[in-house]
Amino acid sequence: MIDMQRMTGLLIGAMFGAVFVFVNTHDPLSGTTVLVLRVAAGLAAAAVLALWLAAARGGREAGAAARAAMFGRGYLAVVAAEAVALFGGLRVLAALEAPEQTGVAWVALVVGAHFVVLAPIWRSWDIAVPGVVLTLLGVAGLVLAMLRRGRATPPAHDPLVVAWAENRPIAAELRADPLLDHLLPRLFEAEGVGGVLRDERADPPAPRSWLAALRRLAGEGRIGRDVLLDGCLRRFLRGGQAADLRFFVRLHELLDPAYDEVSKRRRDYLRLLPVAPGAVAEPALRHLRRLDDLDPGEVTEAVRALLSRSERKLLTAGLTWLDELARDRAAELSSLAPDLGYAFACESADVQGRAVRLAVKHAKRFHGDGARAIREAAVVLPQELGETLASVFGGEAAGDAREAGFTPVPLPEPAVVRAFPTPVVVAGDLDGLPAEGRWEAAELWLAGVVRLSRIDRDGLAARLAALPPGVRPPEGCWPEVRHWAWEIARLLTEPQAGNACQGRAGGPPAGERLPGEGDVPGPQTEDACRGRAGGPPAGERLPGEGDVPGPHRFLLRRWAEVCAAIEAGTLPPYLLAEPTEANGLLDGAELVDRLAGYERAGAAPLPADLRQALLRLPREIPPGVAARAGRLTSPAGRAVARWMGGGRPEYATEIAWWYLPVAGMPESGDRQVYRDDHEQVPGAVLDELEAGFGGPSAAEPLGEAVVRRPREHDGHPHWWPYLMPSDPEAVAAHLVPYLPARWRRARVQPAQAQALASAGGPMGDAAALVQAYFVADRSRCADPVERARPLVELAARGQFDAERVGRQLALLVRRTEFKPGPVFETLESAAALGAHREVWRIMTGFLAVYLPGPGERPHTRHTQGLAFALRAAQWARARGTPARVAEIAQLRASNNFVREARRLHTYLT
């Protein structure tokens, strides 16, 4: 029955709504609009009637008794009286020539009274509420109509004003309204007017609206501008919810107060700044800022009011005004220090940072109580901002929970380099034939064979004969060390192997130029030894230049020249290049002693061996050792003296990043090279890293070409750092092409990065890229502490170009599948190990390349990079903002990316 009751209520409302529409649709609405509205109202009433009839048929039997009680005599009497009152009253009003608005008021009165009377009959008191409201509105409408007709002074009742406001007029109607002069001032005071008019739009105002009508009449002079402006300000000062003040703000802005109108009301505008809702305070501030005759007291009042606000926009405006005020040397800023402290507590990091920068900028203007107030207010700031203030105003910064677990520690001492194993001087100590294992074993074996062949040839032959025979070399060239070791062992154990190589005893083969005879040691001439009688020349056993990596071919040349010297009977008493330290270095004094021994014995050095010895010398040679080298008389001695005296060449590298464009791009199918650090190539896949030598000395230090495209069997990359321990950049140039080759047998491992860090020498792009690769590559080493150790070792040795490493890290994250997460994980571990200052320097190089360039959109990873950079700056207590960060911090945007840049910029300044 309740559902049927609701359907009946809906039917009644629909019928009276249709009547309401038919009665009130007339001029100034157009004829088409009147027709459309009346047709729509009729169709809606008919639809509701159809729904009611369907519901009545469905519940006829079950609800007969209830319907009889509901629609009894009382109900019929009320409906009959309502019909008579409604239509009869409209006719009476028409006969009395009452204003058209009285018809609307009369309908509202009758419908409201109908619901009030039905409430006790139906025992449903919820319908009494809309009934009472409609009745009161109808009464107010009739009163207004009578007041207009009789031109009487209306009473000062808010409901009457609200009812007057609900009838949105056009300018012509309002101009002729006799109540205008009486009720207009009350429009700004009566409660409820703002709620009724808050949805009127202002841009542009609708023709039938209070905003349009009031602006039109103010422009005509029918309504004084002062009445409207004063009314708006009076309403603002009364306070209230922002939504209820919206209409008055829009009216105020439509009036567009002139300079003089604002100036004479300046006190009211100033009173609005500290307490009015933001929607009111913002235009008040905008008009005040137009005035150029505010006295210092008024400016101070305005700034103090704005700094007490919580809204970011108003606080920022207050800080800007304070900055301008500080330009006046006569202005007193100390009194504003407590108010500036309110900005420190703002939830916006941008506002906090700006307030701190402002305090630091004008620190000398805050003295005595002002400086003390800023120190006391700084406790609410994040740690990095508090530290910035503390560095200027004194005191201590509050701790930052994010950094509570970080305790700076000093860098560790550089790792102690072990001595190279004792040379082999007894045949029984000679190990088996070397293969691809430890480089030290191969060096010891080769040097031991040369030494023993002079002091114990028979014992050496016996020892070699007793060892496992190894693998016989193939026909053609011999690309592996074990092939040459097998041949050396065969020559020493087979007395009839032949002695067909006719090199000069005691000197280099014909056509050979010793290292040092020019500025850079030249390559060995490979036709010096023609090999065994009946066999191919030794030069043909070596892989061709470019067929294997330069370091590996140089290594093979050393073994080949020993093999040829055994055949020719011209082996020296020992090798010059046997290292003295486990990192591959050769002590300079030891090399001078060895060369002096050569001169006494009349022996000539093997060319590749001498070159290897020079490349293993440390960069710092004691003056006494260099002086001793200068007293050597042989060509090799003179070459060593020049090398030690500053003639060592430096090698600069150049790296090219080749990529494959994504399918569908114009260059798809042809690999391309990146042209600049910020080049955008969506979807590109790294195809190859290519390194070469350039700069002042473009010569390859080994006399061999850098292999551009790695192959499956490319020698022993883990030996290469020990061939040139003082030239990590040259070694890295050969390692770079192998970095992406993760699944090849010949590939670069983290151990090579550690080896490059353990010796010495300047770091260029190639060495920086090798280090950066293993910082970022979690797949080669899952432990971030282990990935960080090469960086820490380089920092401990003072040989770390941190900014260069940071730049290469950024390129890797931009151009490969590497993510910034593992990078920051490794750098955090490096900071915990003592390299926190170097980590910040890495981040300066990283940000310069990684942050978006022109035309690039920032994304979440950029924001993460700035957040980590802030942490790194805090660890290092860094100062000085990178240029790119400063540029971003000055942007007007307020997204997370810009906010993080501002936080970093604020801390660093």
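This passage describes the overall make-up of a predicted model and then turns to its salt bridges, one buried aspartate and a nonpolar surface patch.

At the level of the whole chain, the secondary structure amounts to 40 helices and three strands. The chain has 909 residues, and 52% of them are buried. Contacts that reach across the sequence are well represented: among contacts with a separation of 6 or more, 73% join residues that are 24 or more positions apart. The accessible surface of the chain is about 40,600 Å², and carbon and sulfur atoms contribute 55% of that area.

Charged pairs offer a good way into the details. The whole structure contains 55 salt bridges, and a few of them are followed here. One of these joins the side chains of Arg-289 and Glu-324, with an N to O distance of 2.9 Å. Arg-289 sits in the loop between helix H16 (278-288) and helix H17 (296-307), while Glu-324 belongs to helix H18 (residues 312-326), so this pair ties together parts of the chain that are 35 residues apart in sequence. Both ends of the bridge can be placed relative to the surface. Arg-289 has a relative accessibility of 34% and is therefore partly exposed; Glu-324, at 31%, also falls in the partly exposed class.

A second salt bridge involves the strands. Here the side chains of Asp-687 and Arg-671 come together at 3.7 Å, again taken from N to O. Because Asp-687 lies in strand S3 (residues 685-694) and Arg-671 in the loop between strand S1 (652-660) and strand S2 (672-673), the pair links parts that are 16 residues apart in sequence. Asp-687 is partly exposed, its relative accessible area being 29%, and Arg-671 is partly exposed as well, at 27%.

The pair formed by Glu-440 and Arg-438 has its own character. The closest N and O atoms of this salt bridge are 3.8 Å apart, which places the pair within the 4 Å limit for a salt bridge. Is each partner buried or exposed? Glu-440 has a relative accessibility of 12%, which is under the 20% cut-off, so Glu-440 counts as buried. Arg-438, by contrast, reaches 53% and is exposed, since the threshold for that class is over 50%. Salt bridges also occur in a network, as shown by Asp-226, Asp-230, Lys-264 and Arg-265, which are linked in this way.

Polar contacts of a buried acidic residue come next. Asp-777 is located in the loop between helix H34 (765-776) and helix H35 (784-797). Despite this loop position, Asp-777 is buried, with a relative accessible area of 2%. Which side chains does the side chain of Asp-777 contact? One partner is the side chain of Ser-779, in a polar contact of 2.5 Å. Another is the side chain of Arg-780, where the polar contact is 3.2 Å.

The last feature lies on the surface. Val-425, Val-426 and Ile-455 together make a nonpolar patch of about 270 Å². Within this patch, Val-425 is found in the loop between helix H22 (383-393) and helix H23 (439-455). The relative accessibility of Val-425 is 47%, so this residue counts as partly exposed.

Methods:
Residues are numbered from 1 along each chain as its sequence is written. This is a predicted model: local features need pLDDT of at least 70, side-chain atom pairs count only at pLDDT 80 or more; totals for chains, interfaces and linings use all residues. Side-chain values use heavy atoms; hydrogens and water are left out. Helices (H or I, at least four residues) and strands (E, at least two) are DSSP runs, numbered from the N terminus. Buried means under 20% relative accessible area, exposed over 50%, partly exposed in between (1.4 Å probe, protein chains only). Contact means heavy atoms within 4.5 Å. Accessible areas come from the Shrake-Rupley method with a 1.4 Å probe; for residues, only the protein chains shown count as cover. A polar contact is a pair of N or O atoms within 3.5 Å; within protein, one must be able to donate a hydrogen and the other to accept it, and residues adjacent in sequence count only if both atoms are side-chain atoms. Patches are made of residues with over 30% relative accessible area and no salt bridge: like charges are joined within 9 Å, nonpolar side chains (Val, Leu, Ile, Met, Phe, Trp, Tyr) within 5 Å.
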